[in-house]
Amino acid sequence: QMWEEAIALGKELAEQYENEMFDYEQLSELLRKQAQFYENIVKVIRPKPDYFAVGYYGQGFPTFIRNKVFIYRGKEYERREDFEARLLTQFPNAEKMKTTSPPGDDIKTSSGQYIQCFTVKPKLDLPSKFHRPVSEQIVSFYRVNEVQRFEYSRPVRKGEKNPDNEFANMWIERTIYVTAYKLPGILRWFEVKSVFMVEISPLENAIETMQLTNDKINNMVQQHLNDPNLPINPLSMLLNGIVDPAVMGGFANYEKAFFTEKYMHEHPEDHDKIEKLKDLIAWQIPFLAEGIRIHGEKVTEALRPFHERMEACFRQLKDKVEKQYGVRAILSGLEERRGSRPRSMVRSFTMPSSSRPLSVASVSSLSSDSTPSRPGSDGFVLEPLLPKKMHSRSQDKLDKDDLDKDKKEKKKEKRNSKHQEIFDKEFKSTDISLQQAEAVILSETISPLRPQRPKSQVLNVMSSERRFSVSPASPSSQLSPPPITPRTKLAFSIQPS
């Protein structure tokens, strides 16, 4: 299911088929496969494998893995427990370590075998071609593929413990692992070449959490917009966990911990970060509103009371946030990330409803003949949507067509002259008795009726479409057929002298 890699290889192969081998049958089949791959990227939801950091400590291991850390790519839907069981079958005498901190020298120099295993999170590294926001279906591949950096976060308590709010002194100790090559590669595991550690303050952790939550809502909304047949249960759980304060507490814990005068007085350098956190909280409301709107369209009658309660909680949350942190509009945020047509236009075509008329284009304009509607017909006239300089562009196109027509006429004259030479050479070798050709006068007057030629004067040469009028001549004379001129709109009448 790594269709992005298959497309890259297919482009190389298509270059060979098109310009080296000239095998157009294989090329057409390959291009059809590529089209299917592009469609799969957008429509098919692929499972995201987990990554595990595995350390082999002790002198009992072979030298190529001894006291080294590796990053493994797990199989689809493989849990850490299943991965550990599969790993320990290869080393039945090894002992599993129960901590994730780096071991001391006593374990590294011991004669036994100790295996340390824990889950790490891949760090997204988008290719440079994505210079603007793109759809989540496209980005999701690079979240777990072509990754070289992995991180493991461990919470650390600092200072006095606050029983009312655990976020006030929740620091994050983040360890970042960099592998020798990108995963997946020719192997499903590579050695870690560098390790470094950073500490994240409680406020920075809150900002990261809010950003991840907003991205998660936005991504799920995009999935349901692109595929209306997705199940509604994951969306219900996500929205309810954020909207209903009885479930997770929401961002009220951040307000108690950071939006107080005491914290501002003790940490004046965090003013910009607090403003950023407030902005993220305000931006969560339009994302939630879009998700609840989709949830209301797809909810079943059995879950209608659940949806109404969620809407009531959201109205209270919206009033509170907009009063404290301002109003945010989502007019262009989702559209830029989707990188497609305006959502109102997409909905009109994909999810029509009785309450939302087709205000963008008429149904008749979507018919199979693809001809624009005439004025006065039932279809809408889309003249205001046309560019302003359409007339001048069409005039330039007509001028260009005239030049192309003249070029074609000149090529036709050359081709006809070659046919005339061939006809002369072939006709000289024959012994047909010919009389003196009569003089031919070409007049540019348009005659209503053209006199029919005698059948004896018509010779079919090379094709049934080209016919030459030949008069009997003397045996010693050569044939001199009339010049073949390009076909024009004038009808030439042939008058004998």
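This report walks through the overall make-up of a predicted model, one buried glutamine, several salt bridges and a helix pair.

## The chain as a whole

Let's start with the broad picture. The chain carries 15 helices and 11 strands. Of its 497 residues, 31% are buried. If you take the contacts between residues at least 6 apart in sequence, 66% of them join residues at least 24 apart.

## Gln 116, tucked into a strand

Have a look at strand S4, which spans residues 114-122 and includes Gln 116. Is Gln 116 buried or exposed? Its relative accessible area comes to 4%, so Gln 116 counts as buried.

What does the side chain of Gln 116 reach? One partner is the backbone oxygen of Thr 99, at 2.8 Å. The backbone oxygen of Ser 101 is another, sitting 2.9 Å from a polar atom of the Gln 116 side chain. Both Thr 99 and Ser 101 also turn up in the list of residues that Gln 116 touches once those up to four places away in sequence are set aside. The rest of that list is Ala 53, Val 54, Gly 55, Tyr 57, Met 97 and Thr 100.

## Salt bridges, from buried to exposed

How many salt bridges are there? The count comes to 18. A few of them are worth a stop, along with how accessible their partners are.

Take Glu 136 and Arg 143, which form a salt bridge with their closest N and O atoms 3.2 Å apart. The two ends sit in different classes of accessibility: Glu 136 is buried at 8% relative accessible area, while Arg 143, at 28%, is partly exposed.

Glu 191 and Lys 193 make another such pair, with their side chains meeting at 3.8 Å, N to O. Here Glu 191 is partly exposed, with 23% relative accessible area, and Lys 193 is exposed, with 57%. This pair doesn't stand alone, as Lys 68 joins Glu 191 and Lys 193 in a network of salt bridges.

## A bridge between distant helices

Next up are Glu 255 and Lys 320, whose side chains meet in a salt bridge at 3.4 Å, N to O. Which parts of the chain does the pair link? Glu 255 belongs to helix H9 (residues 252-258) and Lys 320 to helix H12 (residues 304-325), so the bridge spans distant parts of the chain, with its two residues 65 residues apart.

As for accessibility, Glu 255 has a value of 14% and, since buried means under 20%, falls in the buried class. Lys 320 has a relative accessible area of 33% and is partly exposed.

## H12 again, now with H7

Helix H12 also has a partner in helix H7, which covers residues 233-243. The axes of H7 and H12 come within 10 Å and cross at roughly 40°. Why are the two helices called oblique to each other? An angle under 35 degrees would count as roughly parallel and 65 to 115 as roughly perpendicular, so the H7 and H12 crossing lands in the oblique class. As for its hand, H7 passes H12 in a left-handed crossing.

Which residues meet where these helices pass? H7 brings Ser 236, Leu 239, Asn 240, Ile 242 and Val 243. On the H12 side, they meet Phe 306, Met 310, Cys 313, Phe 314 and Leu 317.

Notes
Residues are numbered from 1 along each chain as its sequence is written. This is a predicted model: local features need pLDDT of at least 70, side-chain atom pairs count only at pLDDT 80 or more; totals for chains, interfaces and linings use all residues. Side-chain values use heavy atoms; hydrogens and water are left out. Helices (H or I, at least four residues) and strands (E, at least two) are DSSP runs, numbered from the N terminus. Buried means under 20% relative accessible area, exposed over 50%, partly exposed in between (1.4 Å probe, protein chains only). A polar contact is a pair of N or O atoms within 3.5 Å; within protein, one must be able to donate a hydrogen and the other to accept it, and residues adjacent in sequence count only if both atoms are side-chain atoms. Contact means heavy atoms within 4.5 Å. A salt bridge is a side-chain nitrogen of Lys or Arg within 4 Å of a carboxyl oxygen of Asp or Glu. Axes are lines fitted to C-alpha atoms, for helices over the stretch in contact, and angles run from 0 to 180 degrees between N-to-C directions. Angles under 35 degrees count as roughly parallel, over 145 as roughly antiparallel, 65 to 115 as roughly perpendicular and the rest as oblique. A crossing is left-handed if the near helix is turned anticlockwise from the far one by less than a right angle, and right-handed if clockwise.
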